[in-house]
Amino acid sequence: MLESSVFSAPTTMSKGYDHRTIEAKWQQYWDQHRTFRVTEDPGKPKFYCLDMFPYPSGSGLHVGHLEGYTATDIVTRYKRMRGFNVLHPMGWDAFGLPAEQYAVKTGIHPAMTTAENIATFKRQMKRVGLSYDWERELSTTDPQYYRWTQWIFLKLFDRGLAYVAEVPVNWCPALGTVLANEEIVDGKSEVGGFDVIRKPMRQWVLKITAYADRLLEDLKLVDWPPSTLEMQKNWIGRSIGAEVDFSLADRRGAIRVFTTRPDTLFGATYMVLAPEHPLVDVVASEEQKAAVQAYRETAMKKSDLQRQELDKEKTGVFTGGYAVNPVNHERLPIWIADYVLMSYGTGAIMAVPAHDERDWAFARQYHLTIREVIAGGNIKEAAFTDTDRGTVVNSATSDGSFSINGRTPSEAIPKITEWLEKQGKGIRAVNYKLRDWLFARQRYWGEPFPVLWVDGEARPLPEEQLPLVLPETGNFKPSGTGESPLANLDAWLTTIDPITGKPARRETNTMPQWAGSCWYYLRFIDPKNSTHLVDPIKERYWMPVDLYIGGSEHAVLHLLYARFWHKVLFDIGVTSTPEPFLKLVHQGIVLGEDNQKMSKSRGNVVNPDEMIDQFGADAVRLYEMFMGPLEAMKPWSTRGVEGVTRFLERVWRLMVDEQGRLSSVIVSTVPSLYQQRLLHHTIKKVTEDIEALRFNTAISQMMIFTNEMTKAHQRPRAVIEPFILLLSPFAPHVAEELWNLLGRQSSVSQQPWPIYDPAMTVSERMTIPVQVNGRLRAKLEVAIDTSPDEIERLARAEAAEWIQDKETKKVIYVDKKLINFVI
RNA sequence: GCGAGAGUGGCGGAACUGGCAGACGCGCGAGACUUAGGAUCUCGUGGGCAACCGUGGGGGUUCAAGUCCCCCCUCUCGCACCA
């Protein structure tokens with residue numbers, strides 16, 4: 001605090017540029033003139049530029065947020081000047097855990113905390129000069145917003161995409177509450193450090209798996225970072241294989257397995273069931289029952305975390321039962337082991353230790369047979385899993401009617417799958433890692449489910465009764481039964497079913513924070529519509545989002561959930577595009593000055609308010625963009641902010657004198673050819689760089705322009721004015737002020753973007769590097785139209801010292817680029 | 001372990017389809033103006049006295065490699081028994 005007052009001492013007068021006054025002035029101007037308000041205009045091409053809206057936390061905006069917001073703001077301002085009708089909105093993802101936890105501690109209603117935090121965020125954003133259309137501001141906690149979140153839930157319910165299931169939750173007995181994964185650290189509750197166990201509870205689940213294929217396929221339609229596409233693909237985890245039935249040896253029934261390697265079926269030497277598999281009790285023999293039961297119990301007690309810790313050593317128990325391999329009728333011992341997961345495939349596998357790493361390790365551990373059916377590796381050393389190399393062996397039926405021997409595994413797979421299908425022994429099958437989405441939270445501060453429980457059955461509320469408003473309370477403590485705090489509110493809880501008139505109980509769960517963020521981009525299009533989620537005409541005008549910028553921490557969940565809801569809304573005709581977000585970019589993480597992640601405990605957190613106090617919003621914006629490539633992780637440097645501040649002051653002095661008046665060096669004469677070339681080259685570079693989101697190099701070009709023009713004693717308006725327009729998306733306040741000082745009237749943001757003349761971006765002279773054997777020996781300054789012969793002659797003379805009298809074996813001349821003599 | 005991305009001066013980073021490595025900024029050095037400078041302006045600034053050497057290391061392709069190919073090392077992010 002004391003330091004900043006030293007810095008903010010009014011030395012600004014000598015600099016001639018007082019960011020405080022100027023920035024406040026233009027922010028007020030934009031507000032009053034509603035400069036950034038936007039409505040549908042069929043006469044203009046549209047551009048929808050979206051930021052991932054923030055959770056308004058108590059600590060306010062940080063410099064990492066600002067990086068993304070500044071980037072979209074530059075694109076937005078640029079696109080407007082290029083004649084686009086730009087939708088650039090901001091809102092609040094305001095339901096969430098921190099406000100609720102704070103309420104439990106202090107008794108202060110989350111709505112209060114949230115409102116205060118939103119006010120802070122909004123004030124900070126306005127200070128940065130972000131050109132949002134604030135008339136479209138929305139909050140997920142507003143009943144007029146979550147009314148439609150609930151409406152979407154009803155649609156999901158109608159279509160059978162929302163259902164209730166018993167699902168394990170993180171239950172903390174000491175706290176008497178369910179915890180979110182984020183609230184658990186090293187298997188203990190974050191608060192208090194108590195034990196957390198897995199406990200099945202009745203939960204709402206959304207059937208995202210029904211959309212798995214489309215979620216995967218449609219990734220082809222979007223322009224996203226490769227890592228994000230990859231993460232989504234992996235999360236969906238589609239794999240193709242076969243399901244095969246293995247009948248039990250001594251009893252009725254069969255074990256169905258899923259395998260991606262049916263080509264190895266003849267190499268199966270045992271089977272494994274997940275410990276929770278329902279057939280375990282059926283197959284277990286009398287002698288093994290006790291051991292099986294004991295193993296089952298320890299496996300169930302293991303949390304996910306413990307399973308991970310023990311991932312090196314595989315464990316399991318023989319059940320005493322046997323199954324029969326359908327292709328060669330061999331008896332295979334059935335084991336249970338927790339390396340087989342109940343939640344994937346059929347919860348059972350055929351084990352082929354010769355060609356699967358996990359089965360190989362398990363077979364080694366328990367001395368089970370390892371039989372090679374793909375030649376090409378050394379199965380004594382490791383499992384051979386290659387499907388492109390290797391030859392199938394020992395894989396024919398005893399009667400010789402079927403064989404895949406001699407083929408490569410990838411050839412054999414379709415062959416045997418087809419045969420299994422014909423024989424009725426198996427079927428081609430596709431499996432996904434993706435699970436249905438656990439959609440309920442045992443929380444107060446979230447959207448209530450529009451559902452009543454009548455005679456043990458879930459009944460949707462009629463649409464007309466939406467929104468189902470979150471009831472008021474002063475008690476945010478968990479109910480203690482595992483239900484949300486809503487279970488304490490009897491007056492709200494018990495009601496009458498409007499259809500049957502029977503007594504009903506309201507659903508006490510609330511929706512997860514993801515719910516509100518799944519569709520907010522649609523509401524921005526038509527935020528005040530009271531009869532529709534979004535007006536179809538407006539939706540068709542604005543969708544899809546053309547540019548979406550936000551952190552990579554949302555690479556999977558938010559982006560997958562939003563795509564899922566979008567597709568459901570597409571199916572019911574609410575949206576007109578298959579995908580919501582066309583182009584996606586993640587801004588990189590901003591590290592502290594010490595190159596470490598910013599954190600309170602390290603004391604390296606940079607506060608944007610302090611930076612703006614000291615250097616002004618324009619400088620902070622510019623620095624955020626100048627740091628480096630948008631997507632890269634990079635450290636903050638306050639020195640760097642000083643650097644761009646100097647740049648802005650140079651721009652200022654380029655046209656303003658000591659008295660704060662337009663400088664006399666600004667003239668109306670025709671610029672020199674050199675100045676025109678400089679300008680056109682700068683327009684080209686800045687334009688192309690903004691389009692490609694390379695803001696750092698755009699700024700460096702503007703610095704070059706400024707440095708060059710500073711040298712000139714006559715600075716023609718014809719080059720200075722377009723330059724101010726180029727600068728305006730980056731440093732809008734200074735740009736407005738300078739535009740005004742130049743005597744121009746309306747807001748700089750409503751001026752057309754300068755266009756460059758390609759003929760003006762090339763110089764009439766060029767420099768040709770002269771190489772001898774690839775080494776730079778001289779440089780040649782020649783006119784642009786010098787003939788290659790002439791260049792060679794001049795170059796020979798320049799490089800005579802190195803060529804001497806040696807014969808040149810080869811002369812390579814790259815047109816207008818370089819000449820190289822090979823001797 | 002698997003997948004994705006990245007390694008360039010003292011620092012942040014430039015370098016389009018292979019064609020002058022280090023743009024621009026920070027820092028540093030020298031000078032100018034100044035009572036003064038943490039202001040401003042000018043000049044310099046990869047290493048080496050030089051020939052030369054330099055883009056994580058080692059090979060290769062090419063007249064020419066930061067850029068292309070092969071092997072290896074390091075870092076970041078994600079997934080993690082997914083049959």
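User: What makes you say that helix α27 lies across strands, and which strands are they?

Analyst: This is a predicted model, and in it α27 (residues 788-798) lies across β30, β31, β32 and β33. Contact here takes heavy atoms within 4.5 Å. The helix runs at about 130° to β31.

User: How do you know that β30 and β31 are paired, and in which sense?

Analyst: Pairing takes at least two bridges between the strands. Eight bridges join β30 (residues 765-772) to β31 (residues 775-783), and the two run antiparallel, so by that cut-off they count as a pair. For a concrete spot, look at Val772, whose bridge partner in β31 is Arg775.

User: What lies between β30 and β31 in the hairpin?

Analyst: Two residues. Asn773 sits in that turn and has a positive phi of about 50°.

User: What makes β30 and β33 a pair, and is the sense parallel or antiparallel?

Analyst: Again, at least two bridges are needed; β30 and β33 (residues 818-822) have three, and they pair in the parallel sense. Val772 turns up here too, with Phe821 as its bridge partner in β33.

User: And how do you know that β32 belongs with β33?

Analyst: Five bridges link β32 and β33, in the antiparallel sense, so the cut-off of at least two is met. One of the bridges puts Val814 with Leu818 in β33.

User: Why is the pairing in the sheet with β31, β30, β33 and β32 called mixed?

Analyst: The open sheet has the order β31-β30-β33-β32, with mixed pairing. Walk along it: β31 and β30 run antiparallel, β30 and β33 are parallel, and β33 and β32 are antiparallel. In general, strands of a sheet pair through backbone hydrogen bonds, either parallel or antiparallel.

User: Why do β31 and β32 count as edges in that sheet?

Analyst: Each has a single partner strand, so one side of β31 and one side of β32 (810-814) is left without a neighbour in the sheet. From one strand to the next, the twist averages 20°.

User: What makes a residue part of the surface near RNA strand B, and how many are there?

Analyst: A residue counts if one of its heavy atoms lies within 4 Å of the strand. 46 residues surround RNA strand B, and the closest are Thr260, Tyr344, Arg358, Lys779 and Asn820. Of the RNA atoms that come within 4 Å of the protein, sugar and phosphate account for 63%.

User: How do you know that Ser239, for one, makes a polar contact with RNA strand B?

Analyst: The cut-off is a pair of N or O atoms within 3.5 Å. A polar side-chain atom of Ser239 lies 2.8 Å from a phosphate oxygen of the RNA, so the pair qualifies. Arg650 likewise has a polar side-chain atom 2.8 Å from a phosphate oxygen. For Asn696, an N or O atom of the side chain is 3.0 Å from a phosphate oxygen.

User: Which element gives the most to the surface near RNA strand B?

Analyst: That's α24, with six residues. Several elements each supply at least two, among them α22 (638-655), α24 (695-711), β30 and β31. By class, the residues divide into 19 nonpolar, 11 polar and 16 charged.

User: What makes β5 and β9 a pair, and where do they sit in their sheet?

Analyst: 10 bridges join β5 (residues 162-172) to β9 (residues 197-206), antiparallel, against the at least two required. Val169 stands opposite Lys199 in β9. Their open sheet has the order β6-β5-β9-β19 with antiparallel pairing, and β6 (177-179) and β19 (437-438) are the edge strands. Helix α7 (residues 143-158) lies across β5 and β9, at about 90° to β9.

Methods
Residues numbered from 1 in each chain as written. Chains lettered and ligands numbered in written order. Predicted model: local features only at pLDDT ≥ 70, side-chain atom pairs only at ≥ 80, totals over all residues. Heavy atoms only, no water. Helix = DSSP H or I, 4+ residues; strand = E, 2+ residues; numbered from the N terminus. Axes fitted to C-alpha atoms, helices over the stretch in contact; angles between N-to-C directions. Polar contact = N/O pair within 3.5 Å; in protein donor to acceptor, adjacent residues only side chain to side chain. Nonpolar A, V, L, I, M, F, W, Y, C, P; charged D, E, K, R; others polar.
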